[in-house]
Amino acid sequence: MRGGRGPEGGPSGPGLVSLPMSKVEIPETHYARNGSINLAYQTIGHGPIDVVFLSGGLSHLDYSWQLPPVVRFIERFSSFSRLVIYDPRGCGLSDRSTEPATIAEGVSDAIAILDELGIERANLFGQFDGGSTFLALAAAHPDRVNKVAVDGAVCRFAGLEDLLVPFDRRDAEATAAGMESIWGGTGLLELVAPNHADDPVLARWFTSVNRAAVSPAGAAAWYRHLGEIDIRPVLSEVAAPVLVTNRADTRAVDRSQALYLAEHLPDARHVEFPGEDYFLWVGDTDAVLDEVEEFFTGKRPSRTPTRALATVMFTDIVGSTQQAADLDE
């Protein structure tokens, strides 16, 4: 296993809330190599199944441990699995450039991480374009996949009449330029977490993780990349069972994407949840994760803990650690 330790405790600064791990220790960051590309990953937990999680969009592993709701999300997953999380090429702790991975490169990178860890068959959970990558992986490498769960996934980002998703390619470059100009600010927070967009702690974390993940030019390149996604031709080749979930009213990804996936995948189950927030770790997180856990393990959680931190962001930074400890007892 290649790799090394990152900075102790990860990044810190005003507004970033650190939560002491009650069940999960902050893991070491290691690297898998795919050709000339170094891919940063972490493993958490010692459960009986392997689950690989790829969040949608742009990420930075160290910053995942700086916000309590994100930590709780990871903790819940690692309670029943050995969880693998990683930064895609082009962002975070993986090798950087202004060009994001294509779907084919993303599939190849995921296989490289499975090989590095010696995982023959994995369960996959992807959001947004992470879901697109994992469905393509399941189609191309059915021998490496047990089950796939996707949330708010994209089958084709560009507009299609059968998807009812408006996307005008003539406006794509203007939108990419606009994203470049607002990157590192809170402009996108209203889209991905509208019910929590005015929370100052979330806002500080969000702007910090975005700046750490990629440069403004990298963010614009990622948006242009989204317009090229189209995994419809491979959906019929996905033999693995797939759980398709989404929140009904999020503006980040239209619900028609989930409906299309559920209709065109050979073995799919679709569960829709109420809500506007795209971030899974805010809102009713446990409702979604109950479905995902049952799908992967075959067992419904017997008791769902109260996850107050998933719906309430702390604005009292000084008192947040003690409050987190109290909630976890």
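A salt bridge here is a side-chain nitrogen of Lys or Arg within 4 Å of a carboxyl oxygen of Asp or Glu. With that in mind, and remembering that this is a predicted model, begin the tour by selecting D286 and R76, which form a salt bridge whose closest N and O atoms are 2.5 Å apart. D286 lies in helix 9 (residues 285–297) and R76 in helix 1, so the pair ties together parts that are 210 residues apart in sequence. The structure holds 14 salt bridges.

Next, select helix 2 (residues 103–117) together with helix 3 (residues 129–140), which pack at an angle of about 70° with their axes 9 Å apart. Because angles of 65 to 115 degrees count as roughly perpendicular, helix 2 is described as roughly perpendicular to helix 3. To display the contact itself, show I103, G106, V107, A110 and I111 on helix 2, and D129, S132, T133, F134, A136 and L137 on helix 3. Colouring this contact by class gives seven nonpolar, three polar and one charged residues.

Finally, turn to the largest pocket, whose volume is about 1100 Å³. A good place to centre the view is on G56, G57, V192, Y278 and F279, which lie nearest the pocket centre among the 47 residues of the lining. Then add the elements that each supply at least two lining residues, among them helix 1 (68–78), strand 4 (81–86) and helix 4 (169–182), followed by helix 5 (189–192), helix 6 (200–213) and helix 7 (216–226). Coloured by class, the lining of this pocket shows 33 nonpolar, 11 polar and three charged residues.

Technical notes: Residues are numbered from 1 along each chain as its sequence is written. This is a predicted model: local features need pLDDT of at least 70, side-chain atom pairs count only at pLDDT 80 or more; totals for chains, interfaces and linings use all residues. Side-chain values use heavy atoms; hydrogens and water are left out. On a 1 Å grid over the protein atoms alone, a cavity is a set of points where a 1.4 Å probe fits but cannot get out, and a pocket is an open set with protein on both sides within 12 Å along at least five of seven lines; lining residues have an atom within 4 Å of a point. Grid points are joined across faces, edges and corners, and a volume is the space filled by probe spheres set on the points. Helices (H or I, at least four residues) and strands (E, at least two) are DSSP runs, numbered from the N terminus. Ala, Val, Leu, Ile, Met, Phe, Trp, Tyr, Cys and Pro count as nonpolar, Asp, Glu, Lys and Arg as charged, and the others, Gly among them, as polar. Axes are lines fitted to C-alpha atoms, for helices over the stretch in contact, and angles run from 0 to 180 degrees between N-to-C directions. Angles under 35 degrees count as roughly parallel, over 145 as roughly antiparallel, 65 to 115 as roughly perpendicular and the rest as oblique. Contact means heavy atoms within 4.5 Å.
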